[in-house]
Amino acid sequence: MRVFCVIPAFNEEKYIYDVAKIAKEFVDVVVVVDDGSIDKTFSRAIDSGAVVLRHEENMGKGAALRTGFKYALEHGADIVVTLDGDMQHDPLEIPKFLEKIREEGVDIVVGSRFLEKVKGMPIQRRLSNFITTKILNKVFKVPVTDSQSGFRAFKRKVLEEVTFKDNRYGAETEILIEAKRKGFNIVEVPISVKYENQKSKIRPIRETFSWIWLIIKKYFG
């Protein structure tokens with residue numbers, strides 16, 4: 001089975017080489033989607049040996065995922081792993097996703113920071129994650145403890161059947177909702193996370209309102 005790793009990246013010149021290089025140890029192809037970076041993300045990703053796709057301007061994480069998924073499907077991916085390019089996700093943990101996704105009946109694996117004790121997570125992000133996760137649990141019956149985790153693995157059939165429109169951070173929520181509606185089986189594995197005072201690219205007010213509007217559309221749509 002051919003395994004691809006898709007890494008959305010925006011101004012990640014400090015970390016992207018190491019993330020992509022380590023990920024390559026566990027997958028067949030690493031695809032970095034440079035989402036309009038204005039630093040050296042593109043060249044550092046090229047240096048790592050990854051396939052690098054580039055958006056000329058910043059279009060958002062959802063758009064970057066869509067670009068990466070399209071490339072992976074067109075080039076024969078059977079499994080697609082996603083993780084962030086800022087080294088908060090440890091690419092050394094990819095094997096646990098692959099082991100789980102290869103189990104019978106598992107379609108999506110989500111890495112959860114909350115299956116084990118999480119340290120250093122900013123209180124705003126912890127609260128936001130708690131609220132969004134509870135809404136997904138109660139309203140859409142999505143069985144996850146970490147709705148905002150971008151460290152995931154998908155079987156090919158999921159990406160062929162699940163479509164999502166959001167171009168920003170809401171895309172990851174939308175994918176889970178649509179996958180659940182289509183009957184795909186979602187499981188979790190515990191992951192570690194590193195917070196090293198990186199400035200978050202998430203704009204809390206903007207993304208919160210965007211997420212609420214997404215949920216309204218999904219519920220009443």
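**Exercise 1. Find how strand 1 and strand 2 pair, and how the chain gets from one to the other.**

Step 1. Strand 1 and strand 2 run in the parallel sense, and six bridges join them. Two strands count as paired if DSSP finds at least two bridges between them. The strands and helices here are DSSP runs numbered from the N terminus: helices are H or I with at least four residues, strands are E with at least two.

Step 2. Pick out one bridge: Val6 has Val31 in strand 2 as its partner.

Step 3. Now follow the chain from strand 1 through helix 1 to strand 2, a β-α-β crossover that is right-handed. That label applies if, with the strands pointing away from the viewer, the path from the first strand over the helix to the second runs clockwise.

Step 4. Look at helix 1 (residues 16–23), which lies across strand 1 (3–9) and strand 2 (29–35) and runs at about 170° to strand 1. Contact here means heavy atoms within 4.5 Å. Axes are lines fitted to C-alpha atoms, for helices over the stretch in contact, and angles run from 0 to 180 degrees between N-to-C directions.

A word on what you're looking at: this is a predicted model, where local features need pLDDT of at least 70 and side-chain atom pairs count only at pLDDT 80 or more, while totals for chains, interfaces and linings use all residues. Residues are numbered from 1 along each chain as its sequence is written, and side-chain values use heavy atoms, with hydrogens and water left out.

**Exercise 2. Work out which other strands pair with strand 1 and strand 2.**

Step 1. Strand 2 also pairs with strand 3, in the parallel sense, over five bridges. In that pairing, Val32 has Val52 of strand 3 as its bridge partner.

Step 2. Strand 2, helix 2 (residues 41–47) and strand 3 form a right-handed β-α-β unit.

Step 3. Strand 1 runs parallel to strand 4, and four bridges join them. One of the partners to spot is Val81 in strand 4, which goes with Cys5.

**Exercise 3. Are the residues of strand 1 and strand 2 buried or exposed?**

Step 1. Get the cut-offs straight: buried means under 20% relative accessible area, exposed over 50%, and partly exposed in between, with a 1.4 Å probe and protein chains only.

Step 2. In strand 1, seven of the seven residues are buried, so the strand is largely enclosed by the rest of the structure. Val3, Cys5, Ile7 and Ala9 are on one side, Phe4, Val6 and Pro8 on the other, and both faces are covered.

Step 3. Strand 2 also has seven of its seven residues buried, so it is largely enclosed too. Val29, Val31, Val33 and Asp35 point one way, while Val30, Val32 and Asp34 point the other.

**Exercise 4. Put the whole sheet in order and find its edges.**

Step 1. The sheet is open, has seven strands in the order 3-2-1-4-6-5-7, and its pairing is mixed.

Step 2. Strand 3 (51–55) and strand 7 (186–190) each have a single partner strand, so one side of each is left without a neighbour in the sheet.

Step 3. On average, neighbouring strands are turned by 20° against each other, direction ignored.

Step 4. At strand 7, the partner is strand 5 (residues 108–112), parallel over five bridges. Ile108 stands opposite Ile186 there.

**Exercise 5. Which rings pair up, and what do they tie together?**

Step 1. The structure has three aromatic pairs. Rings of Phe, Tyr and Trp (its six-membered ring) pair if their centres lie within 6.5 Å; planes under 30 degrees apart count as stacked, over 60 as edge-to-face and the rest as tilted.

Step 2. Phe69 and Phe164 have ring centres 6.2 Å apart and planes at 80°, so they are edge-to-face. Phe69 sits in helix 3 (residues 61–74) and Phe164 in the loop between helix 6 (156–161) and helix 7 (170–181), so the pair ties together parts 95 residues apart in sequence.

Step 3. Phe97 and Phe151 are stacked, at 4.2 Å centre to centre with 20° between the planes. Phe97 is in helix 4 and Phe151 in the loop between helix 5 (123–140) and strand 6, so this pair links parts 54 residues apart in sequence.
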